[in-house]
Amino acid sequence: HSTAAQPLPDRLAPDMAGGFKSPLMSRDRQPFELISAAPAGSMSATATDMARFANFVLGHEPRVLSPESLRLMQTPALDASLAPAQARATDTLGLVFWVGERNGVRQVSHGGDTDLFHTAFVVYPDRDTAIFVSQNGPGAARVDLRQVVTDAFVARYLAPEPLPVPALSGSNADAAALAGWYQLSRRQRSGPLKLASLVNSVSVTDNGNGTISLAGATARYHEAAPGRWTVVEGRPLMGAETLFV
């Protein structure tokens with residue numbers, strides 16, 4: 001019951017959830033959303049199918065891929081000897097998946113956003129567990145339920161509360177040095193879509209007390225180790241609990 005076809009085949013169309021732009025979620029149901037970059041981002045799937053896919057990622061479908069191939073998919077693609085900080089980052093790319101950890105629990109994940117839908121698929125290989133969250137609108141308080149639900153799931157079922165990490169001496173100067181505007185490395189470098197990189201930038205603010213913030217998030221980070229900034233309060237963007245710079 002999953003497809004990347006647009007619009008949906010007739011046999012699947014009745015099962016499609018409504019997508020909403022209004023936080024009231026009681027009116028203005030939108031028509032089926034067409035994705036211009038299809039098949040990237042155009043998958044329509046059921047939670048049952050995503051559970052089956054989770055079993056595949058967890059290695060319970062050995063006829064599909066060998067254990068070694070699955071391991072490679074879930075291994076950072078960066079060479080740790082050339083980019084050690086980035087290879088150990090909370091979120092770094094393997095093959096298709098983001099790999100890293102939350103609250104000390106190793107995870108393999110991928111998320112996605114369209115105008116109407118927001119999803120997160122997270123697998124915890126060492127716990128033989130996975131969770132799939134899909135949100136079909138902005139929510140009454142415009143809260144990203146994906147991060148709320150997955151954080152609460154890990155904290156309740158998989159890991160103890162993390163111990164606070166003290167700030168590194170000298171972080172005031174490091175915070176001041178980081179302040180500024182940054183472009184994302186994941187961006188279009190040619191063609192008309194490269195114009196999007198002009199608006200897809202990130203602003204880092206020095207809070208004046210040895211902490212930094214990213215524009216659009218309430219999280220404050222302090223430097224827990226050289227080049228490693230950890231959330232001490234507030235909620236980060238896109239689950240970025242740790243920054244490596």
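Two strands are said to pair if DSSP finds at least two bridges between them. Helices (H or I, at least four residues) and strands (E, at least two) are DSSP runs, numbered from the N terminus. The structure described here is a predicted model, in which local features need pLDDT of at least 70, side-chain atom pairs count only at pLDDT 80 or more, and totals for chains, interfaces and linings use all residues. Residues are numbered from 1 along each chain as its sequence is written, and side-chain values use heavy atoms, with hydrogens and water left out.

A good place to start is the run of strands S8, S9 and S10. Strand S8 (residues 211-214) pairs with strand S9 (residues 220-225) in the antiparallel sense over two bridges, and Thr211 has His222 of S9 as its bridge partner. Five residues lie between the strands of this hairpin, where Gly216 takes a positive phi near 95°. S9 also pairs with strand S10 (residues 228-233), again in the antiparallel sense, over five bridges. Here Tyr221 finds its bridge partner in Val231 of S10. The hairpin of S9 and S10 has two residues between the strands, and Gly227 in the turn shows a positive phi of about 80°.

Attention now turns to helix H4. Its buried residues (under 20% relative accessible area, with exposed over 50% and partly exposed in between; 1.4 Å probe, protein chains only) are Arg146, Gln147, Thr150, Phe153, Val154 and Leu158. These residues lie on the same side of H4 because they cover an arc of only 135° around the axis, the arc being that of the directions from the helix axis to the C-beta atoms.
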